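Good morning, and thank you for making time for this. I would like to walk through one model with you, slowly, and then leave it on the screen for discussion.

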Amino acid sequence: MTDNHILLSVQDLKVYFRSADACARAVDGVSFDVRKKETVCLVGESGCGKTVSALSILGLVATPPGEIQGGRIVFAGQNLLELSENEMQKIRGNHIAMVFQEPLTSLNPVFTIEDQISEAVRIHKKIETESLHEKCIRLLKDVGISDPEQRLEDYPHQLSGGQRQRVMIAMALACDPDLIIADEPTTALDVTVQAQILELFGAIQTKQSMSILYITHDLGVVAAIADRVYVMYAGMIAEQGKTEHIFRNARHPYTQGLLASLPSLSKRGKRLYSIPGAVPDPAYKPAGCPFHPRCPHKAPSCHTEYPNMCDYGQGHLARCPILFQDKGRHI
Ligand SMILES: Nc1ncnc2c1ncn2[C@@H]1O[C@H](COP(=O)(O)OP(=O)(O)OP(=O)(O)O)[C@@H](O)[C@H]1O
Ligand SMILES: [Mg+2]
């Protein structure tokens, strides 16, 4: 069945990094969709392959050492993995824009904010009714920067971390993309500013009807903004579904562990839970289910068999055939 509302469909993507003596399977058969006007979160611990997945969509994985080993990335009906670098350049910025974690490293310290936003606007198309300067002011207003005239003359170091991240978002919005990929854009910010940036993403999605693929390790962020969520572990999707289903009824032991590690008022004074062990090195993943060494529910088969996806209905899937054996439909 085809779904006309799907804007981006990543299908069985495999991205490996080869070195002289090992092959790191960083992304190992990952599939996810982003529909039009939807905010989707990709969540998981450090090293599970979130950034590599995002960079693959934009054709930004350095090859070598990286290698797209298989899969398709279908955006607006075309497989991006088959496009030339020239064609990809048109997609980047015009149709898909990316906002990275650390705006100081993405902004050029020797140019003013106006220089950098103008550059982003100029590269990307379109006959404008407003002048470049007017457009820069409007973009800064759109992302909630006060006194935009003054800010345009500033250099990046003169802005706060939150303002710099807003500038990065303004640059991403400059060309009216269909999809914004945001890779941990708030991790370097304090919680108040973090909340403001999340609110801004919410406003952008509603007002400009863009799709957002938001990458985070923080389930709190997921709860705040995502329509749907994909939980990633060791290069695979462990669980996926509507945000409320994942929070109310997590079916994968990894998701359950992440939820149990969330701080809350009711856990005040008690020791916070953390999932024992660590994410495996993608070059030396255990056989069977990659989560089994850390899993409190593992069965003998988990040591040897790669787990199937189990379908719990309404788009809620979990890659664990053990925990709810009777309830899910194995696919
Ligand atoms: N250029 C590279 N060469 C070799 N290995 C790489 C390269 N880039 C990424 N990897 C490996 O791929 C795995 C996934 O990395 P990735 O950056 O996607 O993780 P992540 O989920 O984004 O983590 P984080 O939350 O820390 O940003 C890691 O083990 C990483 O070491
Ligand atoms: Mg990352």
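**A walk through the model**

Let me begin at a single residue, Lys37, which is found in the loop between E2 and strand E3, the latter spanning 39-43. Before going further I should say that what you see is a predicted model, and everything that follows should be heard with that in mind. Lys37 has a positive phi of about 65°, although it is not a glycine, and for that reason alone I wanted to point to its backbone.

From there, let us turn to the sheet that E2 belongs to. Four strands, in the order E2-E1-E4-E5, form an open sheet, and the pairing is antiparallel. E2 and E5 stand at the edges with a single partner strand each, so one side of each is left without a neighbour in the sheet. H1 packs on this sheet, where it touches E1, E2 and E4, and its direction makes about 115° with that of E1.

If we take the pairs one at a time, E1 and E2 run antiparallel and are joined by 10 bridges, and the hairpin that connects E1 to E2 passes through 4 residues. For those who like to check the register, the bridge partner of Lys14 in E2 is Asp28, and Leu13 stands opposite Val30 in E2. As a general reminder, in a regular strand the side chains alternate between the two faces of the sheet.

Strand E1, residues 6-18, is also joined to strand E4, residues 66-75, by 8 bridges, and these two again run antiparallel; here the bridge partner of Ser9 in E4 is Val74. E4 in turn is joined to strand E5, residues 78-79, by 2 bridges, in an antiparallel arrangement, with Phe75 standing opposite Gln78 in E5. E4 and E5 form a hairpin with 2 residues between them, and in that turn Ala76 has a positive phi of about 45°.

What kind of peptide bond joins Thr63 and Pro64? That bond is cis, with omega about -10°, and Pro64 has its place in the loop between H1 and E4. The peptide bond from Pro64 to Pro65 is cis as well, with omega near 5°, and Pro65 lies in the loop between H1 and E4.

Now to the ligand. How many residues surround ligand 1? There are 16 of them, and the closest are Ala26, Ser46, Lys50, Thr51 and Val52. The elements that give two or more residues to this shell are strand E2, at 23-35, and helix H1, at 50-57, and the largest share, 3 residues, comes from H1. By class, the shell around ligand 1 divides into 8 nonpolar, 7 polar and 1 charged. So that the connection is not lost, H1 is also the helix that packs on the sheet just described.

The model holds another open sheet, which has 9 strands in the order E6-E7-E8-E3-E9-E10-E12-E11-E13, with mixed pairing. Strand E6, at 96-99, and strand E13, at 329-330, stand at its edges, and each has a single partner strand, so one side of each is left without a neighbour in the sheet. Within this sheet, strand E10, residues 236-242, and strand E12, residues 317-318, run antiparallel and are joined by 2 bridges, and Glu239 stands opposite Ala318 in E12.

Helix H7, residues 161-173, lies across E6 and strand E7, at 179-183, and runs at about 170° to E6. The axes of H7 and helix H8, residues 191-208, come within 10 Å and cross at roughly 15°, which makes H7 roughly parallel to H8. H7 passes H8 in a right-handed crossing. On the side of H7 the contact is made by Gly161, Gly162, Gln165, Ile169 and Leu173, and on the side of H8 by Val193, Gln196, Ile197, Leu200 and Ile204. Sorted by class, the contact of H7 with H8 has 6 nonpolar, 4 polar and no charged residues.

To close, I would return to the place where two of these threads meet: H1 gives the largest share of the shell around ligand 1, and H1 touches E1, E2 and E4. I am happy to take questions from here.

Technical notes:
Residues numbered from 1 in each chain as written. Chains lettered and ligands numbered in written order. Predicted model: local features only at pLDDT ≥ 70, side-chain atom pairs only at ≥ 80, totals over all residues. Near = placed C-beta within 6 Å. Nonpolar A, V, L, I, M, F, W, Y, C, P; charged D, E, K, R; others polar. Pairing = 2+ DSSP bridges. Contact = placed C-beta atoms within 7 Å. Axes fitted to C-alpha atoms, helices over the stretch in contact; angles between N-to-C directions. Parallel < 35°, antiparallel > 145°, perpendicular 65-115°, else oblique. Left-handed = near helix turned anticlockwise from the far one by under 90°.
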